[in-house]
Amino acid sequence: MPTEGEPISVSLHVGNFEGPEFDGPLTVTFHPTGSPSQQTKTLTRDGVNWHTQFTPDEPGPWDLEVRYRGTHLKVITARFSVASSPLPRGMGWVLILVGAGTALALGLRNVLRRVKSSGSTPGATETPPPPAAPSTPEAGSVPTPPADPPSGQ
């Protein structure tokens, strides 16, 4: 379905049942239904067909009229609908940029949190537990020497 603001390509082929091939010209008119404003183009033959493009600037019903003269004037009409664009032009890019910026900000925030939390532990040292009070040896047991305190290396 054609969408407002996007070009529509029109290709036409005019054939003859008798006589020489039709060489044109062809007149094509493109306008919103019921509107006095219109776009008109006169086309000359380009290979086998005639080609042109129109860009509808508003949604709704549109008319396409093709006029040419063979042995007498012929007019072909077509009516079709143009859909409104899902987002205004540029709005899609704004949404993509906002999403990318948010993802970047959240990623940087997580990295900074990790750096901050890992940066606070290397300077901390554990203090050795206080020495235990000497106990009196029981009868018949061999006293054990106190444990060596941990070194700071």
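How many bridges join strand 2 to strand 3, and do these strands run parallel or antiparallel? In this predicted model, strand 2 (residues 26–32) and strand 3 (residues 39–43) are joined by 5 bridges and run antiparallel. Within this pair, Thr 27 has Thr 42 of strand 3 standing opposite. The two strands form a hairpin with 6 residues between the strands, and in this hairpin Gly 34 adopts a positive phi near 80°.

The hairpin belongs to a chain whose secondary structure comes to 1 helix and 6 strands, and when the elements are read from the N terminus, their order is β-β-β-β-β-β-α. Of the contacts in the chain with a separation of 6 or more, 59% are between residues 24 or more positions apart. Of the 153 residues of the chain, 17% count as buried, while the area that the chain exposes is about 12200 Å², with carbon and sulfur atoms supplying 59% of it.

From the chain as a whole we can turn to its charged side chains. Side chains of opposite charge can pair when their charged atoms come close. The count of salt bridges in the model comes to 2. One of them is formed by Arg 79 and Asp 63, whose closest N and O atoms are 2.8 Å apart. This pair links distant parts of the chain, since Arg 79 lies in strand 6 (residues 73–82) and Asp 63 in strand 5 (residues 60–69), with their positions 16 residues apart in the numbering. As for the surroundings of the two partners, Arg 79 is exposed because its relative accessible area is 60%, whereas Asp 63, with a relative accessible area of 11%, is buried.

A salt bridge is also formed by Glu 65 and Arg 67, with the closest N and O atoms 3.0 Å apart. Here Glu 65 has 19% relative accessibility and therefore counts as buried, the cut-off for that class being under 20%. Arg 67, for its part, counts as partly exposed because its relative accessibility is 34%.

The last stop is the helix and a feature of the surface. Helix 1 spans residues 91–120, and Met 91 has its place there. Together with Val 94, Leu 95 and Val 98, Met 91 forms a nonpolar patch on the surface, and the accessible area of these residues together is about 350 Å². Met 91 itself counts as partly exposed, because its relative accessibility is 36%.

Key
Residues are numbered from 1 along each chain as its sequence is written. This is a predicted model: local features need pLDDT of at least 70, side-chain atom pairs count only at pLDDT 80 or more; totals for chains, interfaces and linings use all residues. Side-chain values use heavy atoms; hydrogens and water are left out. Patches are made of residues with over 30% relative accessible area and no salt bridge: like charges are joined within 9 Å, nonpolar side chains (Val, Leu, Ile, Met, Phe, Trp, Tyr) within 5 Å. Accessible areas come from the Shrake-Rupley method with a 1.4 Å probe; for residues, only the protein chains shown count as cover. A salt bridge is a side-chain nitrogen of Lys or Arg within 4 Å of a carboxyl oxygen of Asp or Glu. Helices (H or I, at least four residues) and strands (E, at least two) are DSSP runs, numbered from the N terminus. Buried means under 20% relative accessible area, exposed over 50%, partly exposed in between (1.4 Å probe, protein chains only). Two strands pair if DSSP finds at least two bridges between them. Contact means heavy atoms within 4.5 Å.
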